[in-house]
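Q: Please give a close look at a single part of this protein, with each term explained as it comes up. One connected account would suit a first-year student.

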Amino acid sequence: MGLRSVTTAAVATFGIIGISFAISFGIAAPAASALHYPPIPTSAATELSCLAHTTTAPPPKSELQSTLTAIKAMVGSHLQSLGPCASGRVVLALTPGSEAMAQRVRAKYGQGVTIAVGLTRWNGRAGLSPRCGPLPSWTNPPTGLSLSLLLPSHSVKAGGSLRGFLNVAYSGAGSFRMDTGQPLEAVVIKAGTHRVVGVYTGGVAGTGYTVTRGAGQSAANAAPSVLVGTARCDGGIGSALPPGKYQVVALVMDETGKAPRYLTPPVNLTVTPR
C-alpha cells in the first residue's frame with residue numbers, strides 16, 4: 001500500500017501529532033495513485049500543505065511542540081491531521097464541516113497555522129472547495145459477476161462518513177479472483193451522473209486483501225470494507241456537501257491498477273443537516 005501522491009514538507013523533527021498532513025487525504029493502493037482515484041486534484045493538496053505561500057511568521061520553534069499539543073487538545077474529535085512544516089508553521093486539517101472550530105483556532109493562534117477543513121482552505125471564512133476530476137475508465141463486469149455496495153445507512157450528516165462493505169457474488173464458470181486490497185474508497189456523485197462531488201479525506205490504514213469467489217458464492221458484510229466521505233469537491237463554498245440527494249459508487253480494481261476495472265452500481269445517499 002502506498003501514500004497518495006500528495007507532496008508536503010511536514011517533517012517529524014518536532015514530533016507529529018496524529019497523522020501527518022500528507023495522509024490527511026488517506027492511504028490508498030498504488031492503483032489509486034497511478035489512476036488518480038479518488039480524483040482529488042493535486043492542486044488542492046498543494047494549497048493545503050506546507051507548500052502554501054504565506055508571509056505570516058510561524059510560531060517560535062521553541063514553542064512548537066507545546067503549540068501542537070494544545071491545538072490537538074483544543075480541536076478534539078474535529079482533528080483530521082496535524083503536523084509542523086520545516087519552516088516552523090503548523091498545518092492543521094479538520095474534518096469536513098468544522099468551520100466553527102477553524103474560527104476558534106484562528107482566533108487563538110493566528111495565521112501561523114494553515115488550516116484546511118475537509119479539502120477546502122480556510123482563511124477566516126469558508127472558501128471554495130476544489131473540483132474533483134472525472135472517474136478513471138472502467139468496463140462492465142463479466143457475465144456472472146455481481147458487485148454491490150452495502151452501506152450501514154443511506155443517510156449521513158453533512159461532513160460525516162460511513163464504513164460499509166463490497167458484496168461480491170459470482171455465478172460464472174470457474175472462479176473469480178481480484179487482489180483489491182482494503183478498505184476501498186467510494187465517491188459521492190451527483191445523482192444520475194458520474195460527476196464526483198464528495199470524497200473521504202480521513203487517514204486510512206490500508207491492508208492487503210484478495211477477493212476470491214467460486215461459482216455461486218457470495219459474501220455479504222465481509223471484507224473488503226468500503227469508506228464513504230462527504231468532503232465537498234464540487235467547486236461550491238464550504239467543506240462539506242450540502243444536504244440533498246446523492247449517489248455513491250466505488251471503482252473496484254486490482255491494486256496494480258491494471259485492467260479490468262469495474263464500477264459498482266450507484267447506491268442512493270441522503271446528506272442531512274449537521
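A: The account below takes one helix and the sheet beside it as its topic.

This is a predicted model, in which local features need pLDDT of at least 70, side-chain atom pairs count only at pLDDT 80 or more, and totals for chains, interfaces and linings use all residues. Residues are numbered from 1 along each chain as its sequence is written, and side-chain values use heavy atoms, with hydrogens and water left out.

The protein has four helices and 19 strands; helices (H or I, at least four residues) and strands (E, at least two) are DSSP runs, numbered from the N terminus. Of its 274 residues, 53% are buried, where buried means under 20% relative accessible area, exposed over 50%, and partly exposed in between, with a 1.4 Å probe and protein chains only. A contact means heavy atoms within 4.5 Å. Among contacts between residues at least 6 apart in sequence, 72% join residues at least 24 apart.

The part chosen here is helix 3, which covers residues 64-75. Its twelve residues reach 17 Å from the first C-alpha to the last, close to the 16 Å expected at 1.5 Å a residue; the expected span is 1.5 Å times one less than the number of residues. Leu64, Thr67, Leu68, Ile71, Met74 and Val75 are buried in this helix. Seen down the axis of helix 3, these buried residues fall within an arc of 130 degrees, so they line one face of the helix; the arc is that of the directions from the helix axis to the C-beta atoms. An α-helix has 3.6 residues a turn, so residues three or four places apart point the same way. Just after helix 3, Gly76 takes a positive phi of about 55 degrees.

What covers this buried face? The cover of the buried residues of helix 3 includes strand 3 (79-84), strand 4 (90-94), helix 4 (99-109) and strand 5 (113-117). Helix 3 lies across strand 3, strand 4 and strand 5, and runs at about 175 degrees to strand 3. For such angles, axes are lines fitted to C-alpha atoms, for helices over the stretch in contact, and values run from 0 to 180 degrees between N-to-C directions. Helix 4, in turn, lies across strand 4, strand 5 and strand 6, at about 175 degrees to strand 5.

These strands belong to an open sheet of four, in the order 3-4-5-6, with mixed pairing; two strands pair if DSSP finds at least two bridges between them. Strand 3 and strand 6 (120-122) stand at the edges with a single partner strand each, so one side of each is left without a neighbour in the sheet. On average, neighbouring strands of this sheet are turned by 20 degrees against each other, direction ignored.

Although strand 3 is at an edge, six of its six residues are buried. Five bridges join strand 3 to strand 4 in the antiparallel sense, and Pro84 has Val90 in strand 4 as its bridge partner. The two strands form a hairpin with five residues between them, and Gly88 in the turn has a positive phi of about 100 degrees. On the next pairing, strand 4 and strand 5 run parallel and are joined by five bridges. Within strand 5, Ile115 stands opposite Leu92.
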